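Biologist: I've got the sequence and the 3D view open side by side. Can we walk through it together?

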Amino acid sequence: NNLGKMYRNGQYVEKDEKKAFELYSQSVSLGCSIAICNLGVMYKKGLYVKKDKKKAFELFSQSTSLGNSIAMDNLAIMYYNGQYIEKDLKKSFELHSQSASLGNSYAINNLGFMYEYGEYVEKDLKKAFELYSKSISMGNSSVMNGLAYMYLNGEYVKKDLNKAFELYSQSASLGNIYSIEKLKKMNIIPYYLDLFKKFNTIEKENKQLKETIEELELRPPGIG
């Protein structure tokens, strides 16, 4: 599975999605839950194979049944967005909660979003803030973005532009495209222009970052 991931992302070796697919498939035959999840990602994104949401859903479901927290979060996103299956916020919330209980920072982030906007659960900004804060300690750039939004707009916490700027900057330094765009709109001092140029270049040239951006777009919209 790890070798497959290196081929998929072009880490150390030349990127080769066909080789990644073959290696993931071998690991799947051995019952590796993370390989099953990664194969699901390839079907969901159409990497090497034709995009197939049904197959992705089946693989995420299989991996979830084996206790894989990443698959749980991916499955929750499919239920949230109604991808292949009917939209089901209750199921999405349950899967995010299950994944979060296993320490998945993205699931914690997505739970925070659901509390912030009252998706399935009653709107609870305090709970959202707590979840974002918990996940931010794990280095999740999406959470920094969401927390920055709360400081920028004074949601639950006192409005604090300096704190919002700090969090957006941290998130941008980790390559979060939404934070970079947010900073661009805040009349940032010239020092940060180099940061924008750097990540604009990466966005155009680094396919791995483009895949990350695509993955973020599949998550609940509105964070930041």
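Biologist: Let's start broad: what percentage of the chain's residues count as buried?

Modeller: Keep in mind that this is a predicted model. A residue is called buried here when its relative accessible area is under 20%. Of the 224 residues in the chain, the share that passes is 49%.

Biologist: And how many helices and strands does the chain have?

Modeller: Reading from the N terminus, the elements go α-α-α-α-α-α-α-α-α-α-α-α-α. That gives 0 strands, and the helix count is 13.

Biologist: Among contacts between residues at least 6 apart in sequence, what percentage join residues at least 24 apart?

Modeller: A contact here takes heavy atoms within 4.5 Å. With pairs at least 6 apart in sequence as the pool, the share joining residues at least 24 apart is 45%.

Biologist: On to the nonpolar cores. Which element gives the largest share of the largest core?

Modeller: The largest nonpolar core holds 31 residues, and Tyr132, Leu147 and Tyr151 have the most contacts inside it. Helices H6, H7, H8, H9, H10 and H11 each give two or more residues to this core. The largest share is 8 residues, and they come from H9.

Biologist: How many residues does the second core have?

Modeller: This one is separate from the core we just discussed, and Tyr24, Val28, Ala35 and Ala76 are among its members. Its residue count is 24.

Biologist: Now H3 and H4. Are they roughly parallel or roughly antiparallel?

Modeller: Two packed helices are described by the angle between their axes and the distance between the axes. For H3 (residues 33–45) and H4 (residues 53–65), the axes come within 8 Å and cross at roughly 165°. Angles over 145 degrees count as roughly antiparallel, so H3 against H4 is roughly antiparallel.

Biologist: What classes of residue make up that contact?

Modeller: The crossing itself is left-handed. On the H3 side the contact includes Ile36, Leu39 and Tyr43, while H4 brings residues including Ala56, Leu59 and Phe60. By class, the contact of H3 with H4 has 8 nonpolar, 4 polar and 3 charged residues.

Biologist: Is Gly46 buried, partly exposed or exposed?

Modeller: Gly46 sits in the loop between H3 and H4. Its C-alpha atom is separated by 9.8 Å from that of Ala56, 10 residues apart along the chain. The relative accessible area of Gly46 is 27%, and buried would need under 20% while exposed would need over 50%, so Gly46 is partly exposed.

Biologist: And Ser69, buried or exposed?

Modeller: Ser69 belongs to helix H5 (residues 69–81). Leaving out residues up to four places away in sequence, Ser69 touches Ser99, Leu102 and Asn104. Its relative accessible area is 17%, with the cut-off at under 20%, so Ser69 is buried.

Biologist: Last pair: how are H10 and H11 oriented to each other?

Modeller: Their axes are 8 Å apart, and the packing angle is about 135°. Roughly antiparallel needs an angle over 145 degrees, and roughly perpendicular covers 65 to 115. H10 and H11 are therefore oblique.

Biologist: Which residues of H11 are met by H10?

Modeller: This crossing is left-handed. By class, the contact of H10 with H11 has 5 nonpolar, 3 polar and 1 charged residues. From H10 come Phe165, Tyr168, Ser169, Ser171 and Ala172, and in H11 they meet Ser179, Ile180, Lys182 and Leu183.

Terms used. Residues are numbered from 1 along each chain as its sequence is written. This is a predicted model: local features need pLDDT of at least 70, side-chain atom pairs count only at pLDDT 80 or more; totals for chains, interfaces and linings use all residues. Side-chain values use heavy atoms; hydrogens and water are left out. Axes are lines fitted to C-alpha atoms, for helices over the stretch in contact, and angles run from 0 to 180 degrees between N-to-C directions. Helices (H or I, at least four residues) and strands (E, at least two) are DSSP runs, numbered from the N terminus. Angles under 35 degrees count as roughly parallel, over 145 as roughly antiparallel, 65 to 115 as roughly perpendicular and the rest as oblique. A crossing is left-handed if the near helix is turned anticlockwise from the far one by less than a right angle, and right-handed if clockwise. Ala, Val, Leu, Ile, Met, Phe, Trp, Tyr, Cys and Pro count as nonpolar, Asp, Glu, Lys and Arg as charged, and the others, Gly among them, as polar. A nonpolar core is a set of buried Ala, Val, Leu, Ile, Met, Phe, Trp, Tyr and Cys residues joined through side-chain atoms within 4.5 Å. Buried means under 20% relative accessible area, exposed over 50%, partly exposed in between (1.4 Å probe, protein chains only).
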